[in-house]
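Let's take a walk through this one together, with the sequence and the coordinates side by side. Here is the structure.

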Amino acid sequence: PGEFNYESITVVITDVDDQDPEFNQLIFNINVSEDVGIGTPLPGLNMVVSDGDVGDNAHYSLSLRSTDSRVAQWFRVEPTTTRGRTPVVVRVHDNSGLDFDKGLTEVSFTVVAHKQTPQGDTVETSSSDVIVNVLDANDNSPAFTNQEYTYTIQEDLAPGSLIAKISATDRDSEEYGQIQYTLKGFGTDKFGTDLKEGNLYLISKVDYEKQKSYSLTLEAKDGGGRISTVNILI
């Protein structure tokens, strides 16, 4: 019989950068209140990026891209460099422009993953679009034109007469901008207001000899519960 020799051979398999980062969704559609705080992660953005390579081959970077130049001012993506499987957070960097009451109802941007080629070039490998629906918040209180109102009336003024037009404005939209009025203070048995329109009316006769002055407060309450008041002297 022949003779045999045995040798041990070790085969080392090295990873090749053959996988690109992948997002768990191609499109995210989320709702964000216009009063979202600075530094707050965008709610509902459950974004994850994964790269199946190992070691340095799993390394990639993230950035934001948008045709709206304001996105770079308003938002920041975290992290900017990472590897493997990574949850992605987009935080509010500046909320001054997120104003529903000025007509901003939607803003969109793209989270982009980049990898570096062996030649040192940075190339875009994948992306995910984010649509942010900006929701109205009750961030404005009703505002009266004056800090105080003073009126003089004749004692023979007929009940039901309009004494003055007094109302407030609210910069909020829809139900948050709707105002209801209540008259309070000394003299509410003689004077009244309209629940929706405001204003000041005489509701019963006054007698100069019995009472020469009245001090009232007109309260304006918006649909979100914010309240402003103004003093009325008669």
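Contact here means heavy atoms within 4.5 Å. Keep in mind that this is a predicted model.

**Around Ser 228**

With that cut-off in hand, start at Ser 228, which is found in strand E18, residues 227-233. Which residues does Ser 228 touch, leaving aside its neighbours within four places in sequence? One group is Ser 141, Pro 142 and Phe 144, and the other is Leu 218, Glu 219 and Ala 220. Pro 142 comes up again in a polar contact: its backbone oxygen lies 2.5 Å from a polar atom of the Ser 228 side chain. Is Ser 228 buried or exposed? Its relative accessibility is 14%, and because the cut-off for buried is under 20%, Ser 228 counts as buried.

**A four-stranded sheet**

Next, a look at the strands. Four of them make an open sheet, ordered E1-E3-E7-E5, with antiparallel pairing. At the edges sit strand E1 (22-23) and strand E5 (75-78), each of which pairs on one side only. In general, strands of a sheet pair through backbone hydrogen bonds, either parallel or antiparallel. For E5, the partner is strand E7 (residues 86-92), and the two run antiparallel over 4 bridges. If you want one bridge to look up, try Arg 76, whose bridge partner in E7 is Arg 91.

**Rings**

Now for the aromatics. How many aromatic pairs are there? The count comes to 5. Two of them are set out here, by the distance of the centres and the angle of the planes.

| Pair | Geometry | Centre to centre | Angle between planes |
|---|---|---|---|
| Phe 75 and Phe 109 | tilted | 5.3 Å | 40° |
| Tyr 149 and Tyr 151 | stacked | 6.3 Å | 10° |

The Phe 75 and Phe 109 pair links distant parts of the chain: Phe 75 is in strand E5 and Phe 109 in strand E8 (residues 106-116), 34 residues apart. Phe 75 is buried, with a relative accessible area of 2%, and Phe 109 is also buried, at 2%. Trp 74 joins Phe 75 and Phe 109 in one aromatic cluster.

As for the stacked pair, Tyr 149 has a relative accessibility of 9%, so this residue counts as buried.

One last ring to check is that of Tyr 208. The charged end of Lys 212 sits over that ring, 5.1 Å from its centre.

How values were computed:
Residues numbered from 1 in each chain as written. Predicted model: local features only at pLDDT ≥ 70, side-chain atom pairs only at ≥ 80, totals over all residues. Heavy atoms only, no water. Pairing = 2+ DSSP bridges. Buried < 20%, exposed > 50% of the residue type's maximum accessible area, 1.4 Å probe, protein only. Polar contact = N/O pair within 3.5 Å; in protein donor to acceptor, adjacent residues only side chain to side chain. Phe/Tyr/Trp six-rings, centres within 6.5 Å; stacked < 30°, edge-to-face > 60°. Lys NZ or Arg CZ within 6 Å of the ring centre and 35° of its normal.
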